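Q: Please take a close look at one aromatic patch in this model and walk me through it. Then work outwards from there into the rest of the chain, keeping it informal.

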Amino acid sequence: MSRIKLTWIVLIVLVWAAMMSFGGVAAETVMLYPNIFGDAPASLDRAREFLVAGGPSDYFPPLGASVVLTSLAATALTWRNRRLRWYVAAAAVVFIACEFLFSVVFFWPRNEIMFVDPVGTHSPEYLRQVAEEFVAGHWVRLVGGAVTSALAFTALLRFARDTAPVRVER
């Protein structure tokens, strides 16, 4: 397979995965979060009962891994092209910082408190505070996903322009 074909495939998968991730986070923001965090701690208890068969933790880790892997592959494949390298590298850095590292440091401990620790471990006031922090921090993730998607899509468009056949007028 040629390097150009491989780059096309990797960039398309990167854009698809980044947009799926961003779309999932946006959908969570509008549909799930008002129900999960709207009336803590009662809403947290309802969420524990509802999100039994599957939830965000089943969807986002594999999708996030695909964004990270394809963004790293795309960075390697496009590094020689100055018009693309910084868009792809920036998409990788933004996603890793806002979606992965921020989640590990900020969201995972709060998820433990709200959804893993036994019910009754924490006071209602503390659970409300943690839920408010989670929702406020979520905007970092939402903006990071939007920026990642925009950067990846811009790289794909630039690559399309760079590799499009030149049409000669007669």
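A: Start with F106, which is buried, at a relative accessible area of 17%. Buried here means under 20% relative accessible area, exposed means over 50%, and partly exposed is what falls in between, using a 1.4 Å probe and protein chains only. Before going further: this is a predicted model, where local features need pLDDT of at least 70 and side-chain atom pairs count only at pLDDT 80 or more, while totals for chains, interfaces and linings use all residues. Residues are numbered from 1 along each chain as its sequence is written, and side-chain values use heavy atoms, leaving out hydrogens and water.

Now for the neighbours of F106. F102 and F106 both sit in helix 4 (residues 82–116), 4 residues apart, which is about one turn of the helix. Helices are DSSP runs of H or I with at least four residues, strands are runs of E with at least two, and both are numbered from the N terminus. F102 counts as partly exposed, because its relative accessibility is 22%. F102 also pairs with F107, and that pair is edge-to-face, with 5.4 Å centre to centre and 85° between the planes. F107 is buried, at a relative accessible area of 0%.

Across the whole structure, a search turns up 12 aromatic pairs. In the pair of F102 with F106, the ring centres are 4.9 Å apart and the planes are at 10°, so these two are stacked. As for the rules, rings of Phe, Tyr and Trp (its six-membered ring) pair if their centres lie within 6.5 Å; planes under 30 degrees apart are stacked, those over 60 are edge-to-face, and the rest are tilted. Stepping back a bit, Y33, F37, F102, F106, F107, F115 and F134 form one aromatic cluster.

Helix 4 has other things to show you. R110 is found there too, and R110 is buried, with a relative accessible area of 17%. Its C-alpha lies 8.5 Å from that of E133, a residue 23 positions away in sequence. UniProt, in an unreviewed entry, lists residues 59–79, 86–108 and 139–160 as "transmembrane region". Those positions are in the numbering used here, feature names are shortened, and such annotations may be inferred rather than shown by experiment. Residues 86–108 are 100% helix and 0% strand, with the end C-alpha atoms 30 Å apart. Residues 139–160 are likewise 100% helix and 0% strand, and their end C-alpha atoms lie 31 Å apart.

On to helix 5 (residues 124–163), where you'll find T154. T154 is partly exposed, at a relative accessible area of 28%, and its C-alpha is 7.2 Å from that of Y87, 67 residues away along the chain. R158 is in helix 5 as well and is partly exposed, at 22% relative accessible area.

Then there's helix 1, home to A18. A18 is buried, with a relative accessible area of 3%, and its C-alpha lies 6.6 Å from that of T148, although the two are 130 residues apart in sequence. Helix 1 (residues 3–37) also packs with helix 3 (residues 56–78), at an angle of about 150° and with the axes 8 Å apart. The axes are lines fitted to C-alpha atoms, for helices over the stretch in contact, and the angles run from 0 to 180 degrees between N-to-C directions. Helix 1 and helix 3 are therefore roughly antiparallel; the cut-offs are under 35 degrees for roughly parallel, over 145 for roughly antiparallel, 65 to 115 for roughly perpendicular, and oblique for the rest.

One last stop is the loop between helix 1 and helix 2 (42–50), where P41 is found. A cis peptide bond joins A40 and P41, with omega at about 5°. For context, most peptide bonds are trans.
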